[in-house]
Amino acid sequence: MTEELPSLLLIDDDPIITESFAFVLRDRFKVHAVSTREEAKHLLYSMPVLPNVALVDLGLPPTPHTPDEGFALVSELLTFNPAMKILMLSGQDSEDNVRHALTLGAVDFIPKPCDMELLKARLSHQLMIHEAERHKQPQAKQKECGLVGQSAAMDTLRAQIKQFADSPFSVLIEGESGTGKELVAQCLHIQSKRLSEPCLTLNCAAFTTELLEAQLFGHAKGAFTGAGTARAGFFEEASQGSLILDEIGEMPLPLQSKLLRVLENGEYYRLGETRVRQSSARIIASTNRDLRDEVRKGHFRADLYHRLSVLTVKVPSVCDRDEDKFLLLTHFQKFYGEMGTLFQLDEAAHKIWGTYSFPGNVRELRNIVIRLGAKYPNQKITRMQLEPELENEFMDKQELELDSDEAISKKLSKGGFSLDDVLLQWERRYIDAALNKSQGNLSQAARILGINRTTLYSKMQRLNKNNM
């Protein structure tokens, strides 16, 4: 019996590329090829097992000449499966695009046209890392639960986990993408009296409405197409344990009312049944969205939000954990040490590591450690080697701080300088950063930038016209 090949999700709107890559990689991967972001999501909804690796083009329809669809897809794929290894394959390989894709969570960027042997090597390397992570999950001590850090923010987080672990009430875990909300949810279960009971995790973004309802509540035989037998849902299987609802902000409105009923009196129905069932599972929900804003927009029920947020845990971002940046560096070097990720930072690189904000949080920090270890094994990393791994917003700040009056004067003396172009470039970068931080929410991005929503919209229209 031959071992089943690992799955590879390929998203590219060029049929020549998808067909040729599927042919060349057929001996190593089971390739699932689609051409748009929406097709990718529909495919993932239908797959019983999510792919280990994804190869994504930045320029996808309906805007193939800009990287917007590709950037959005990186975040969405990681929402479906945080363990997925995403490699970008694109001709839009400007320094800005490469850095931003890596900050969002992509693990590698390969420019088009690419060398096929190089591509195979990069894919195999990421698959090896994926397998190592899957088989080498750290055995967390009950006290610490695998949380790394000695900062005041992490001390507060640990205190909250200890305080809330045995409460019968639901817990809402909030935090930016990549901060480790899933680990915090598991810690709440591990430190509770429910430790010996099941702890199940369900990603609310990874299923269609019908399938998500069936996953949560179970279904009777024949309840929908494909339901050949009756099946218990997560509420039933969790029993007296914990049910972690990841990405709760993605739950469709029709299901939110049914979830609220379970939270209020423990009652639910399997799909296709009229018999009421009872659940004693404790709900631990997590989100990277601002649910208060989602309530205001009518995307999330206010009564469900208030029920879920009786106890709220805020997972700190890396920029609020300056003291932990080097502890995390050491932790991931040890974790991936067998794959040659041991290296050192020279004095200048060490300083930059301590001042960089890591907008992609722990996920970005981990990926940077892996990339540096692969590129410079057992070497001392210099500032010049570290800088290409960091997001442009930070590099712009560094450049501004380093530019003396004399340096600025030299730039002006070269000729061909346009202040309008420079200001537009800075404006575009700050708007892109705010939109990324707000998950594309214009109102929230405008608040971050300190302007009103109509002003932001006008600026975006002007920048798009200048980009044509």
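Biologist: What is the strand order in the open sheet of five strands with parallel pairing that includes strand 1?

Modeller: This is a predicted model. Five strands make up this open sheet, and their pairing is parallel. Strand 2 (30-34) and strand 5 (108-111) are the edge strands, each pairing on one side only. From one strand to the next the twist averages 20°. The order is 2-1-3-4-5.

Biologist: Which residue is the bridge partner of V56 in strand 4?

Modeller: Strand 3 (residues 53-56) and strand 4 (residues 85-90) run parallel. Four bridges join them. Within strand 4, the partner of V56 is M88.

Biologist: At about what angle does helix 2 run to strand 2?

Modeller: Helix 2 lies across strand 1 (7-11) and strand 2. Its direction relative to strand 2 is about 135°.

Biologist: Is T36 buried or exposed?

Modeller: T36 sits in the loop between strand 2 and helix 2. Outside its neighbours within four places in sequence, T36 contacts I11 and P61. Its relative accessibility is 17%, and the cut-off for buried is under 20%. T36 therefore counts as buried.

Biologist: Which residue's backbone nitrogen does the T36 side chain reach?

Modeller: The distance is 3.1 Å. The backbone nitrogen belongs to E39.

Biologist: How are helix 2 and helix 3 oriented to each other, roughly parallel or roughly perpendicular?

Modeller: The axes of helix 2 (residues 37-46) and helix 3 come within 10 Å. They cross at roughly 10°. Helix 2 brings R37, A40, K41, L44 and Y45 to the contact, and helix 3 brings E69, A72, L73, E76, L77 and F80. Angles under 35 degrees count as roughly parallel, so helix 2 and helix 3 are roughly parallel.

Biologist: What is the relative accessible area of G70?

Modeller: G70 belongs to helix 3 (residues 68-80). Beyond its neighbours within four places in sequence, G70 contacts D57, L58 and M88. G70 is buried, and its relative accessible area is 0%.

Biologist: What distance separates the C-alpha atoms of G70 and D12?

Modeller: G70 and D12 are 58 residues apart along the chain. Their C-alpha atoms are separated by 9.7 Å.

Biologist: Which strands are the edge strands of the sheet with the order 7-10-13-6-14?

Modeller: This open sheet has five strands, and the pairing is parallel. The twist averages 20° from one strand to the next. An edge strand here pairs on one side only. The edge strands are strand 7 (199-203) and strand 14.

Biologist: Which residue in strand 13 stands opposite I244?

Modeller: Strand 10 (residues 242-246) pairs with strand 13 (residues 282-287) in the parallel sense. Four bridges make up the pairing. Opposite I244 stands I284.

Biologist: Which strands does helix 6 touch where it packs on the sheet?

Modeller: Helix 6 spans residues 152-164. Its direction makes about 155° with that of strand 14. The strands touched are strand 6, strand 13 and strand 14.

Biologist: Which side chains of strand 14 point to one face and are buried?

Modeller: Strand 14 (residues 311-314) pairs with strand 6 (residues 171-174) in the parallel sense over four bridges. V313 is the bridge partner of I173. Side chains alternate along strand 14, with T312 and K314 pointing to the other face and not buried. The buried ones are L311 and V313.

Biologist: How is helix 13 oriented to helix 14, roughly parallel or roughly perpendicular?

Modeller: The axes of helix 13 (residues 325-335) and helix 14 (residues 347-355) come within 9 Å and cross at roughly 110°. That falls in the range of 65 to 115 degrees, so helix 13 is roughly perpendicular to helix 14. K325, F326 and L329 of helix 13 meet H350, W353, G354 and T355 of helix 14. The orientation is roughly perpendicular.

Biologist: Which residue's side chain makes a polar contact with the side chain of E387?

Modeller: E387 lies in the loop between helix 16 (383-386) and helix 17 (392-402). E387 counts as buried, at 13% relative accessibility. The polar contact is 2.4 Å, and the partner is R383.

Biologist: Where is confidence lowest in the protein chain?

Modeller: The mean pLDDT of the chain is 87, and 91% of its residues reach 70 or more. Over residues 138-143 the pLDDT is below 50. Strand 6 has the highest confidence, at 97. The lowest, at a mean of 51, is in helix 17.

Methods:
Residues numbered from 1 in each chain as written. Predicted model: local features only at pLDDT ≥ 70, side-chain atom pairs only at ≥ 80, totals over all residues. Heavy atoms only, no water. Buried < 20%, exposed > 50% of the residue type's maximum accessible area, 1.4 Å probe, protein only. Helix = DSSP H or I, 4+ residues; strand = E, 2+ residues; numbered from the N terminus. Pairing = 2+ DSSP bridges. Contact = heavy atoms within 4.5 Å. Polar contact = N/O pair within 3.5 Å; in protein donor to acceptor, adjacent residues only side chain to side chain. pLDDT = per-residue confidence, 0-100. Axes fitted to C-alpha atoms, helices over the stretch in contact; angles between N-to-C directions. Parallel < 35°, antiparallel > 145°, perpendicular 65-115°, else oblique.
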